[in-house]
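These are my notes from going through one model at the desk. I started with confidence, then went on to helices, strands and charged pairs.

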Amino acid sequence: MGIKCGIVGLPNVGKSSLFNILSEGKAEAANYPFCTIEPNVGVVMVPDPRLDQLSAINDPEEVIPSIVEFVDIAGLVEGASQGEGLGNKFLANIRETDAIIHVVRCFEDKNVTHVSDEINPVNDFEIINTELLLADIQTVERNLERAGKQSKAGDKAMLAKHAFLESLLEHLNNDLPARTFNIEKGQASTMKELSLLTKKPMLCLANIDESSIVEESKGLQALREKVKSVEDAQLLKLCVSLELEVSTLEPSEMKEFLDELNLEEPAINKLIRASYDLLNLQTFFTAGPKEVRAWPIRKQSLAPQAAGTIHTDFERGFIKAEVIGFDDYIEHDGEQGAKSVGKLRLEGKEYLVQEGDVMHFKFNV
């Protein structure tokens, strides 16, 4: 199950600083292009206040949250699809991720250089998208050429693949990402084999200055309109420099700081949860005196698949699942209370797991 988000963007837009906040300082951040060569990988806990509620009831020995992996990928530059700025290597790093966090600079700072010496969020956004598109076009063209040779024998499957690739190439050449391409029944495996960069779900993160927290700059407003017009993708704004300062505070200082701003948590938590959602993940829980744990699972997963995230034997020998909705679990003070009022349900193999379900699995192997 993919849980890896790649952080991409032009050089000096705040990618490594953002990664440092997420991973508590594992990446080097400097004021020059290609400071990051090899991608840094950080495992980040997904903040979930429901774990505290479950823990208050169960008093467990251990509490384990869900995780997301973030990958700090070196800054792409114009021409990356042709190998500029070690582009081929960096594009390959993106290919290994499951989703993309596209960081766009929306802040002014004379001490931080910009590769084009101009702060233009829309232009920066377009440069990265264009390079990803060009890389995908090259991939599809190579596969189309190969399919063309193989289809000369009249094989129906190869002829269908050739037609699919022709249609996809036309879509990409119209500056449209692969994730907006309509895939018909039976074509999913072909699309997956291509491993296209623009097929990956994407979130645009505007790195703003403090003044834009309250009143958005014209550059940020233009970027928001551009992102929406391209594919109605999600855009979040975050002042990375401020979040970096907040991340260094002691817990008591952080609470005082957040209280002054009338905030319950650092803004970075919103990005972590948005990334979790971008990966098409939801959470179910297991709860008891030994452990309270949040488990990530694909949305629209069935009960046996949820069991399999704990152990493959659980899925192979699945019999049934004991399920309590999260709100019912909290309202009735845990499993016994929920069971006494009929809120514990027995569900079979066709049960569609719901967000926040507290589950216990019966299996036989």
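**Confidence and overall make-up**

I am working from a predicted model. I looked up the confidence before anything else: the mean pLDDT of the protein is 88, and 88% of its residues reach 70 or more. The exception I noted is residues 25–37, where the pLDDT is below 50. That stretch still has 38 contacts in the model beyond near neighbours in sequence. Where pLDDT is low, the predicted coordinates should not be read in detail. I therefore took nothing further from residues 25–37, given their pLDDT below 50.

I then took the totals. The protein has 15 helices and twelve strands. Its length is 365 residues, and 47% of them count as buried. I also checked how far apart in sequence the contacting residues are. Of the contacts between residues at least 6 apart, 68% join residues at least 24 apart.

**Helix α8**

Next I looked at α8, residues 218–231. I find 14 residues in α8 and a reach of 21 Å from its first C-alpha to its last. The expected figure at 1.5 Å a residue is 20 Å, and the model is close to it.

Which residues of α8 are buried? I list Leu220, Leu223 and Val227. Viewed down the helix axis, these buried residues fall within an arc of 55 degrees, so they line one face of α8. On the other side I find Lys218, Glu225, Lys228 and Ser229 exposed. I also asked what covers the buried residues of α8. The cover includes two strands named β5 (99–106) and β6 (202–208), along with α4 and β7.

**Charged pairs around glutamate 216**

A search of the whole structure gave me 14 salt bridges. I followed up several of them.

Glutamate 216 pairs with arginine 224 in a salt bridge, and their closest N and O atoms are 2.7 Å apart. Glutamate 216 also forms a salt bridge with lysine 237, with 3.5 Å between the closest N and O atoms. What does the second pair tie together? Lysine 237 sits in strand β7 (residues 234–238) and glutamate 216 in the loop between α7 (211–214) and α8, so the pair links parts that are 21 residues apart in sequence.

I checked exposure for each of these residues. Glutamate 216 is partly exposed, at 22% relative accessible area. Arginine 224 is partly exposed, at 31%. Lysine 237 is partly exposed, also with a value of 31%.

**Other salt bridges**

In helix α4 (residues 121–150) I looked at lysine 149 and glutamate 145. They form a salt bridge, with the closest N and O atoms 3.9 Å apart. The cut-off is 4 Å, so this pair counts. Being four residues apart in α4, the two are separated by about one helical turn. Lysine 149 and glutamate 145 are exposed.

I also noted a network of salt bridges that links Asp48, Arg50 and Glu355.

**Strands β3, β8 and β9**

I turned to β9 (residues 291–298) and its pairings. Strand β3 (residues 62–64) runs parallel to β9 and is joined to β9 by three bridges. Glutamate 62 has glutamate 291 in β9 as its bridge partner.

How does β8 pair with β9, parallel or antiparallel? I find the antiparallel sense, over seven bridges, with β8 covering residues 281–287. One of the partnerships is threonine 283 with proline 296 in β9. A hairpin through three residues joins β8 to β9.

**Helix α5**

Last, I looked up two residues of α5. Histidine 171 has its place in this helix, residues 156–173. Is histidine 171 buried or exposed? I have it as buried, with a relative accessible area of 12%. The cut-off for buried is under 20%, so the value of 12% for histidine 171 falls on that side. Leaving out residues up to four places away in sequence, histidine 171 touches Leu176, Pro177, Thr180 and Phe181.

Serine 167 also lies in α5. Serine 167 counts as partly exposed, at 35% relative accessibility. From serine 167 to asparagine 182 I get 10.0 Å, C-alpha to C-alpha, with the two 15 residues apart in sequence.

How values were computed: Residues are numbered from 1 along each chain as its sequence is written. This is a predicted model: local features need pLDDT of at least 70, side-chain atom pairs count only at pLDDT 80 or more; totals for chains, interfaces and linings use all residues. Side-chain values use heavy atoms; hydrogens and water are left out. A salt bridge is a side-chain nitrogen of Lys or Arg within 4 Å of a carboxyl oxygen of Asp or Glu. Buried means under 20% relative accessible area, exposed over 50%, partly exposed in between (1.4 Å probe, protein chains only). The expected span of a helix is 1.5 Å times one less than its number of residues. The arc is that of the directions from the helix axis to the C-beta atoms. Contact means heavy atoms within 4.5 Å. pLDDT is the predictor's confidence in each residue, from 0 to 100. Two strands pair if DSSP finds at least two bridges between them.
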